[in-house]
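Here is a report on one protein chain. It moves from overall dimensions to single residues.

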Amino acid sequence: MAPDFAGTGQAYAATSGNGSAVSITRDGGITWNQVGLIDSEISSIIDLAVSSGYPQDNSIFMLTWGGQHSLWRSLNGGSNWERIFSAFLDGVDQIERVELYPDYGDDRKTLFVTGSIDGSPTIWRSEDGGQNFTERSAPLSIDAWAVADDETLFISGYDGSNGLLYYSRNAGLSYSAPAIVGNQPLNSIVLSPDYDRDDTILVGNSSGWVYLSSDNGTWFEPVPADATSPPLKGNVLVAFDAEFATNETVYAASDTADEGIYRFIIGRSTSWEQIDGTLPTDGMVSGLETATSGTLYATNAKADGGIERCLNPTYTLGPTFETVTRGLDDNATLMGLWLAGNQLWSMDTTNNRLLSYHDTLTTPVSLVSPADKAPGIGTINSDIISDVRLDWESLSGATDYCWQIDYDTDFSSVPGGFEGDTEASSAHLPPLNPATTYYWRVRATGPVLSPWSDKWSFTTSMGSETVAPEPYAPEAGATGVPTRPVFQWSAIAGADRYELILASDNSFTNPVIARLGEQALPTNAWQCETELDYGTTYYWKVRAVSSESLSAWSATYAFTTESLGTTAAAPTPASPSPPSPPPAAQTDMTDWLIYLGVALLVTMVALLATMIILVVRMRRP
């Protein structure tokens with residue numbers, strides 16, 4: 001017993017006989033796990049199950065054969081193992097498979113094991129990560145299965161005439177009536193990524209057929225629906241695309257040599273399309289998985305075949321596959337494939353090893369500079385921009401990168417010299433044109449490809465920092481300037497408009513006028529539309545703008561407006577001198593005489609009109 005047994009419940013025991021070992025209990029003797037000097041030989045690995053929370057709990061379950069079947073558990077990523085279940089137990093004939101609840105983790109540690117007791121098909125269920133098991137009978141020997149949650153599972157078997165599929169909603173206490181799925185044993189069953197919503201199940205059998213059910217396994221139809229002969233060959237593995245809910249894409253692969261990997265789009269495709277053109281000759285797929293990132297993986301059961309990896313399996317014009325063999329021993333033969341996050345596991349049957357591959361390059365490169373849509377990049381020298389550099393964040397595990405620039409976002413035909421390879425996380429660009437918009441992107445290329453980064457753009461400068469408008473008016477230091485001054489500056493070739501800023505401080509923190517963007521000025525002269533304050537000092541600057549670039553800001557000029565009650569003096573010519581104005585009294589008399597003459601004229605016109613009217617009346621009969 002451990003010295004602190006009362007608190008930890010930890011003790012050790014040594015046993016003898018078949019399957020003997022040094023065992024440990026952590027619950028006061030209720031359950032025991034074998035941890036050392038274990039009487040067992042591991043001649044082959046049969047099955048594997050990896051926790052979906054592996055990045056946090058590092059939990060792996062492994063089923064092996066060595067005269068008897070053994071189920072092992074590791075809580076530290078495979079560094080140490082404990083045997084938690086064995087066919088050495090009384091009545092247990094064999095253990096065939098192990099599967100975990102899809103959200104296995106700290107809150108739910110449900111796992112299922114299939115096998116037989118005294119010749120009867122059996123399922124064992126544990127709710128505590130393999131410490132305690134409850135056995136349940138199964139309706140038939142299990143060929144393939146899938147676990148939907150800690151209570152729901154699908155199992156398939158063969159009755160000699162048909163492939164049958166059952167499901168249980170209560171962890172194997174009872175089962176539905178079987179659905180008939182073809183006339184051959186089933187090889188693989190997978191559930192849609194959105195199974196909780198769409199009840200969709202995909203099945204591959206042992207003679208080249210693929211079947212689909214969208215009603216939770218009640219009814220299956222072949223894929224394609226009008227198929228009259230097997231579309232593929234041999235044992236078929238199937239997988240859903242990570243975005244199946246929107247693209248309805250599924251994948252299948254055959255363990256028959258040179259059959260490869262296939263794609264089918266539900267409701268659109270009429271036949272299976274072979275999509276992997278890089279699978280080595282005589283390649284035989286022994287495992288097929290899609291990651292949540294959308295990456296498609298397949299293991300090749302041919303010696304030295306490695307892993308097939310594709311970042312864009314839905315790409316219409318043809319996905320790009322890579323064959324990954326880095327780190328494999330000579331003649332390594334991979335069987336099976338398991339995935340958690342971006343880490344994969346497979347069994348090397350040649351060397352009897354469990355192998356792991358950590359794929360850190362499934363995420364795109366993050367761009368740093370120039371910032372997206374950045375204007376005025378670089379300085380001009382002999383009519384070219386020659387000092388632009390791209391920067392991006394390095395990706396863990398990446399050894400090489402490829403960068404590209406282009407005049408548009410297509411990148412279908414990158415001009416010569418507009419792409420390059422580097423081991424660094426930056427690149428100096430070739431000479432560029434001024435006042436031009438360029439698009440750029442980056443990806444890792446070694447040891448494997450990463451997805452392309454986002455597409456960013458930048459626009460090169462219209463010129464160097466010394467090329468900027470020159471302010472003319474108001475001049476620097478001018479005083480007595482009208483409160484609605486006229487601004488003038490030099491024109492810049494290629495400019496479509498000009499941006500002007502006016503402020504009462506030389507830092508332009510709170511501009512009084514900011515004619516920027518759509519408010520920019522169309523010409524190099526403008527009269528202020530805002531009444532400025534009297535007797536106030538103002539600062540102003542201007543820059544040129546084109547549809548694709550902008551210049552540097554001009555120098556900052558300061559001026560002071562006129563004081564209240566004064567006007568700017570008009571310039572007086574020296575010669576000839578204007579006539580002296582008349583005295584004030586003379587001017588007033590002249591005005592009075594004019595008014596008097598006008599009044600007399602009006603009076604005379606009125607008297608004349610009256611006399612005419614009287615004469616007319618006297619002449620009437």
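The report below covers the whole chain, then one sheet, then selected loop positions.

**Overall form**

This is a predicted model. The chain holds five helices and 48 strands. Its radius of gyration is 43 Å, whereas a compact globule of 621 residues would have one near 25 Å. The C-alpha trace spans about 150 × 80 × 60 Å along its principal axes.

Buried residues account for 44% of the 621 residues. The accessible surface amounts to about 31200 Å², and carbon and sulfur atoms contribute 50% of that. Contacts between residues at least 6 apart in sequence can be split by range: 50% of them join residues at least 24 apart.

Charge comes next. The chain carries 30 positive and 74 negative charges, and the mean positions of the two sets lie 11 Å apart.

**A four-stranded sheet**

One open sheet has four strands in the order S20-S21-S22-S23, paired antiparallel. Which strands stand at its edges? They are S20 (236–240) and S23 (273–274). Each has a single partner strand, so one side of each is left without a neighbour in the sheet. In general, strands of a sheet pair through backbone hydrogen bonds, in parallel or antiparallel fashion.

Strand S21 covers residues 249–254 and is joined to S20 by five bridges, with the two running antiparallel. Two residue pairs show the register. Ala-239 stands opposite Tyr-251 of S21. Val-238 has Ala-252 of S21 as its bridge partner.

On its other pairing, S21 meets strand S22 (residues 261–265), again through five bridges and antiparallel. Here Ala-253 stands opposite Ile-261 of S22. The hairpin of S21 and S22 has six residues between the strands. Within that hairpin, Asp-258 takes a positive phi near 70°.

Are the residues of S21 buried or exposed? Six of its six residues are buried. The cover extends to both faces. Thr-249, Tyr-251 and Ala-253 are buried on one side, and Val-250, Ala-252 and Ser-254 are buried on the other.

**Cis peptide bonds**

Two cis bonds before proline are worth locating. The bond from Val-223 to Pro-224 is cis, with omega near 0°. Pro-224 sits in the loop between strand S19 (221–222) and S20, and S20 is an edge strand of the sheet above. The bond joining Ala-473 and Pro-474 is also cis, with omega about -5°. Pro-474 lies in the loop between strand S41 (471–473) and strand S42 (478–481).

**Positive phi outside glycine**

Two further loop residues have positive phi without being glycine. For Asp-199, phi is near 55°. Asp-199 follows the loop path between helix H3 (195–198) and strand S17 (201–205). For Asn-331, phi is about 65°. Asn-331 is in the loop between strand S27 (321–324) and strand S28 (334–340).

**Loop residues and their cover**

The table sets out the relative accessibility of four loop residues.

| Residue | Relative accessibility | Class |
|---|---|---|
| Thr-152 | 5% | buried |
| Asp-199 | 29% | partly exposed |
| Asn-331 | 43% | partly exposed |
| Ser-504 | 44% | partly exposed |

Why does Thr-152 count as buried? Its relative accessibility is 5%, and buried means under 20%. Thr-152 is in the loop between strand S12 (144–147) and strand S13 (153–158). Leaving out residues up to four places away in sequence, Thr-152 touches Val-147, Ser-168, Arg-169 and Tyr-195.

Ser-504 falls in another class. At 44% relative accessibility it counts as partly exposed, because that class lies between 20% and 50%. Ser-504 belongs to the loop between strand S44 (497–503) and strand S45 (511–515). With residues up to four places away in sequence set aside, Ser-504 touches Val-512, Thr-537, Tyr-538 and Tyr-539. The C-alpha atoms of Ser-504 and Trp-540 are separated by 8.8 Å, though these residues are 36 residues apart along the chain.

Technical notes
Residues numbered from 1 in each chain as written. Predicted model: local features only at pLDDT ≥ 70, side-chain atom pairs only at ≥ 80, totals over all residues. Heavy atoms only, no water. Rg over C-alpha atoms; globule rule 2.2 N^0.38 Å. Buried < 20%, exposed > 50% of the residue type's maximum accessible area, 1.4 Å probe, protein only. Contact = heavy atoms within 4.5 Å. Areas by Shrake-Rupley, 256 points an atom, 1.4 Å probe, with all protein chains shown as cover. Lys, Arg positive; Asp, Glu negative; His and termini not counted. Charge placed at Lys NZ, Arg CZ, Asp CG, Glu CD. Pairing = 2+ DSSP bridges.
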